[in-house]
Amino acid sequence: MQIRPAAALTGALIGMSALFLPTATAQATGPTTHHHTVTVAHRGASAYAPENTLAAVDAADDLGIDWVENDVQRTRDGELIVMHDTTLTRTTDVEQVFPDRAPWKISDFTLDEIEKLDAGSWFGPEFQGEGVPTLEEYMDRVSDNHQKLLLELKAPELYPGIERQTLRELRREGWLDHRHKRRLIVQSFSADSVRAVHRLRPDVKTGFLGTPAVADLPEYAEFSDQINPSYTTIDAGYVSAVRSVDGAHGKPLEVYTWTVNDGPTAVSVAAMGVNGIITNKPDVIRDALDDAS
């Protein structure tokens with residue numbers, strides 16, 4: 001168990017406000033608030049700490065947020081790490097450490113090389129030295145904090161077999177036992193990837209990232225429990241249509257929408273009947289929903 005960097009506390013006092021609307025479509029995965037719209041910290045509490053780092057996981061925990069979202073990719077030597085972009089340039093100092101390795105794709109670097117990078121200084125000097133976590137390290141921290149994980153398989157077409165490998169890692173870390181499975185959702189923008197996860201482990205809850213046509217929802221429901229669209233692409237009618245279809249486990253499809261960062265929008269989206277809101281500012285969204293209830 002690692003000791004938290006003090007910088008993970010940064011931002012914990014930022015952003016307290018806003019609103020919520022309860023809905024009849026609430027789901028029982030254990031909401032962050034005492035209401036039923038789940039607040040999910042996008043890449044951790046990424047408004048307050050560098051995204052997809054252990055500091056961002058801890059920042060979410062410091063704010064009292066149960067659910068964190070992350071992105072999983074694979075290194076050249078086959079190790080699973082947590083990072084959003086398929087290149088290392090935006091959130092690390094890779095161009096300084098390895099100046100001759102353009103275009104700095106994750107898949108071109110070994111884990112040992114990636115562990116030499118600083119993934120915190122770009123966000124703020126107080127996070128200097130924050131590293132790129134392995135999936136194992138990330139899951140350990142989420143477990144230590146008693147949090148829940150919305151795990152995205154990022155660009156799985158670049159990493160053949162990553163579904164099976166990720167499930168193997170989840171199993172090894174105990175995340176596929178009965179207790180942990182209730183704290184885990186695996187999602188992707190790739191329907192083929194979500195389908196593969198469902199085929200390999202039909203007991204794992206899954207989500208498809210996107211806004212499928214209403215006519216196509218029954219097809220997605222064969223391997224998904226959630227339809228997770230951008231909030232800019234939905235309205236109450238679409239959410240109702242999704243919720244009217246039973247998902248892969250025989251329960252109405254859920255909707256976790258992204259990425260909402262202000263209170264009024266959160267209230268508006270909650271009024272559409274979504275089950276969860278994914279946000280960089282989870283305290284702002286949670287408090288907005290609380291205040292509106």
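A crossing of two helices is left-handed if the near helix is turned anticlockwise from the far one by less than a right angle, and right-handed if clockwise. This is a predicted model, where local features need pLDDT of at least 70 and side-chain atom pairs count only at pLDDT 80 or more, while totals for chains, interfaces and linings use all residues. Residues are numbered from 1 along each chain as its sequence is written, and side-chain values use heavy atoms, with hydrogens and water left out.

**Exercise 1.** Work out how H1 and H4 pack.

Step 1: get the elements. Helices are DSSP runs (H or I, at least four residues), numbered from the N terminus; H1 covers residues 54–62 and H4 covers 135–144.

Step 2: take the geometry. The angle is about 15 degrees and the axes are 10 Å apart, with axes fitted to C-alpha atoms over the stretch in contact and angles running from 0 to 180 degrees between N-to-C directions. That makes H1 roughly parallel to H4 (angles under 35 degrees).

Step 3: add the hand. H1 and H4 cross right-handed.

**Exercise 2.** Find what the salt bridge of Asp-58 with Arg-141 ties together.

Step 1: apply the cut-off. A salt bridge puts a side-chain nitrogen of Lys or Arg within 4 Å of a carboxyl oxygen of Asp or Glu; here the closest N and O atoms are 2.4 Å apart.

Step 2: place the partners. Asp-58 sits in H1 and Arg-141 in H4, so the pair links parts 83 residues apart in sequence.

Step 3: check burial (under 20% relative accessible area, 1.4 Å probe, protein chains only). Asp-58 is buried at 0%, and Arg-141 is buried at 4%.

Technical notes
Contact = heavy atoms within 4.5 Å. Helix = DSSP H or I, 4+ residues; strand = E, 2+ residues; numbered from the N terminus. Parallel < 35°, antiparallel > 145°, perpendicular 65-115°, else oblique. Buried < 20%, exposed > 50% of the residue type's maximum accessible area, 1.4 Å probe, protein only.
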